[in-house]
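Please open the model in a viewer and keep the sequence at hand. The stops below each propose a selection and then describe what is found there.

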Amino acid sequence: MLKIKNLKATVDSKLILKGLNLNIKPGEVHAIMGPNGSGKSTLANILSGKKGYEIEGEINFNGIDLKELPTETRAQQGIFLAFQYPLEIPGVNTNIFLKTSLNAVRKARGEKELDTLTFLKLIKEKALELGIDEKFLSRQLNVGFSGGEKKKNEILQMKLLEPKLSILDETDSGLDIDALKIVANGVNSYKNKENAFLIITHYQRLLDYIKPDYIHVLSDGKIIKTGSADLGGQLEKTGYTNLS
Amino acid sequence: MKQSYDFNIKNIYNLSSVEKDIRKKNLDLFYKSGFPNKKNEDWKFTDLNSILNKSFESITNNHDTNLNKKLEIIKNFEHNYILLGNGKINSSSFKYEENGKISIKDYDQKNIINLNTPSSLTFLNNALATGGFSLEIAKNYKLKKPLIIYNYFSKNLKNKIFNNKNSIILNKGSELTLIDYTDDGSQDNFIKNIIDSVIVKDNAILKNILIQNSKSNGYFYKYIKVFLDKNAQYENYIFSSGLKFNKVEIEVDLNEENSSCGVYSALNLLNTEHQEIKTRINHNAPNCKSYQKIKNVLNDKSKGIYQGKIFVESIAQKTDAYQLSKALILDDNAEFDAKPELEIYADDVKCSHGSTSGSIDFESIHYLMTRGISEKEALKMLINGFLSEVLEKITDIKLKIFLEENLERQINGY
């Protein structure tokens, strides 16, 4: 599904990613762990199509060269990024945003756009699954939401847009244990043979709830170690510094 | 290019010799300085003389009276209406209201409205004013439906100037929502120079909305002088995007205790559009409130200006005055100027003001795009979110939806 070969990325003439290789197949859950400044969020940003990076190497998503694709087209093709810090957008109603987003993606997939009533029925169901109070949906997007509410809102968007590849950037940060479980359940209930996950995290604790098939350790812009789910537990004990 | 004037008092009928004299004197006063230019402190950001020089070869007050289109009633919500042709009453309908509660008649031009800061446009208005209306609402009468003033114009608008005065009186305890709706639809350059006198008596409430239906090559100037008595409320909403030029001056006298006023604006300016909002809020009595929120989005080569002055007399203790101006500048060639001023002679007051201008937040655009929304659509969503906040205070749902739709059309450039 996603093939990254020798990816190098520079921002403000500083080399951040220094030749990264990654291969994700449908049905797989990959976790990327690593210390601060290792390039984890840069990778997420680049996959989402954020401007401002000079990029070398290959990024191939289901046969398409991602580097040429604008952000919204990536989203329409099935790439989803759950933000570490979801943005507050004053004046934009959450429901209207969600409907605009869903219909943009549906249109690109050649599906019929949803009318307001059908949409509201669907979003109510999805919100209920994640324990999101309906009232949040009529509020301004993320404005005044707590950290946990913002993250749940990200997972709600993921389940609504039904992406092929979901990238979760530090989704566990700022979550209490109850919210963490809800988020993890949201991911687990969406997981199937067709889609894949790339989970970026500092800590093992999210991986206690979402079991990865592979854990990669990113350090100084490169993947320096790849292992099974057990690697996370080891890292928790030994830290990143003892690896190399 | 320097324009020539063809201003004619002779064509204004039924004037007494005294009136003719006053008009001539005012015309002379106008000729002394011509249209306001930037040397005048009140016009420092809006050099009207040079703006008009660029677009008008000649200017005349001679005009015919045949309207350029038939009245098209807005169907979104039930309302009363007054149809003005070149500012003169053409017809009116108050079918939703009780008889004898509303008086509407032609403005009596003998009544000159005294302004604190008259400009040469005031003199021109005094010299040439015709048409206009006087509207009065009876004591304790609350209109059941809003009142729309449809502003229509004659054919062949090119180089024409219209000067009108209007008077609006809300007697004690009355309520009115007044929508000043301009529907031009021509491509002609023309000028409209208006002075409104507004009196809101004890416990009465007036909401005044200025709105524009389509793009227009109109050059509009309006001076609104407002007097508020005890517990009176006045709110003004300016949504007049789409005009080539617009300057709205609002002067509010909070003359008795517990009166309050609000000035709100949401403008999305395109091309070379130029809009100025200038306010002067005079707190002349204790315990009064004033609130101003001005939001501008500036595209292309547009220019927006906000000059807001809050004046607090020494007697006006416990004044609560607030003003905020926010601008989103989307093009390097666009400009926004803000000049907030506080002049306070009382010691127990709460006055605050703030002014920010900046560009659109790229991170927010990116966030929306990662959800499949195009950059163009994301930008529109952010602009809409920025401006629509001003509509929060409108409580009439149908009116609010109408204004939201109008705002959206503005953002799409009509």
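**Two helices of chain B**

Begin with α5(B) and α6(B), which are oblique to each other. The model is a predicted one, and the angle can be followed on screen. Select residues 375-388 of chain B for helix α5 and residues 397-411 of chain B for helix α6. Their axes come within 10 Å and cross at roughly 135°. Since angles over 145 degrees count as roughly antiparallel and those from 65 to 115 as roughly perpendicular, the rest beyond the roughly parallel range being oblique, the pair is therefore classed as oblique. The crossing of α5(B) and α6(B) is right-handed.

Next, display the side chains where the two helices meet. From α5(B), select K380(B), I383(B), N384(B), L387(B) and S388(B); across from them, in α6(B), are E404(B), L407(B), E408(B) and I411(B). Sorted by class, this contact comprises four nonpolar, two polar and three charged residues.

**The ten-stranded sheet of chain B**

Which strands does α5(B) touch when it packs on the sheet? Select β15, β17 and β19 (320-329) of chain B: these are the strands touched by the helix. The direction of α5(B) makes about 165° with that of β17(B).

Now extend the selection to the whole sheet. It is open and consists of ten strands of chain B, in the order β4-β3-β7-β9-β11-β13-β15-β17-β19-β21, with mixed pairing. At its edges are β4 (88-93) and β21 (350-358) of chain B, each of which pairs on one side only. From one strand to the next, the twist averages 10°.

For a single pairing within this sheet, isolate β15(B), residues 260-269, and β17(B), residues 289-298; ten bridges join them in the parallel sense. A convenient point of reference is S265(B), which stands opposite I294(B) in β17(B).

**Strand β18(B) and its partners**

Is β18(B) mostly covered or mostly open? Select residues 303-312 of chain B: the strand is mostly covered, with nine of its ten residues buried. One partner is β16(B), residues 274-283, which runs parallel to β18(B) and is joined to it by ten bridges. Within that pairing, H283(B) has V312(B) as its bridge partner in β18(B). Another partner is β20(B), residues 335-344, also paired with β18(B) in the parallel sense over ten bridges. Here G304(B) is matched with F336(B) in β20(B).

**Strand β1(A) and its partners**

Turn to chain A and select residues 2-11, strand β1, together with residues 14-24, strand β2; they pair in the antiparallel sense over eight bridges. A9(A) has L17(A) as its bridge partner in β2(A). The hairpin has two residues between the strands, and D12(A) takes a positive phi near 45°.

Then add β4(A), residues 54-61, which pairs with β1(A) in the antiparallel sense over seven bridges. In this pairing, the bridge partner of K5(A) is E58(A) in β4(A).

**The contact between the chains**

Finally, show both chains together. How many residues does each chain bring to the contact? Chain A gives 20 residues and chain B gives 17 residues. On chain A, select α2 (71-77), α3 (94-108) and α6 (147-161), each of which supplies at least two residues of the side that touches chain B. The largest share of that side, five residues, comes from α3(A). Colouring this side of chain A by class gives eleven nonpolar, seven polar and two charged residues.

Conventions. Residues are numbered from 1 along each chain as its sequence is written. Chains are lettered from A and ligands numbered from 1 in the order in which they are written. This is a predicted model: local features need pLDDT of at least 70, side-chain atom pairs count only at pLDDT 80 or more; totals for chains, interfaces and linings use all residues. Two strands pair if DSSP finds at least two bridges between them. Helices (H or I, at least four residues) and strands (E, at least two) are DSSP runs, numbered from the N terminus. Axes are lines fitted to C-alpha atoms, for helices over the stretch in contact, and angles run from 0 to 180 degrees between N-to-C directions. Two residues are in contact if their C-beta atoms, placed from the backbone, lie within 7 Å. Ala, Val, Leu, Ile, Met, Phe, Trp, Tyr, Cys and Pro count as nonpolar, Asp, Glu, Lys and Arg as charged, and the others, Gly among them, as polar. Angles under 35 degrees count as roughly parallel, over 145 as roughly antiparallel, 65 to 115 as roughly perpendicular and the rest as oblique. A crossing is left-handed if the near helix is turned anticlockwise from the far one by less than a right angle, and right-handed if clockwise. A residue is buried if 20 or more other C-beta atoms lie within 10 Å of its own, exposed if 12 or fewer, and partly exposed in between; C-beta atoms are placed from the backbone.
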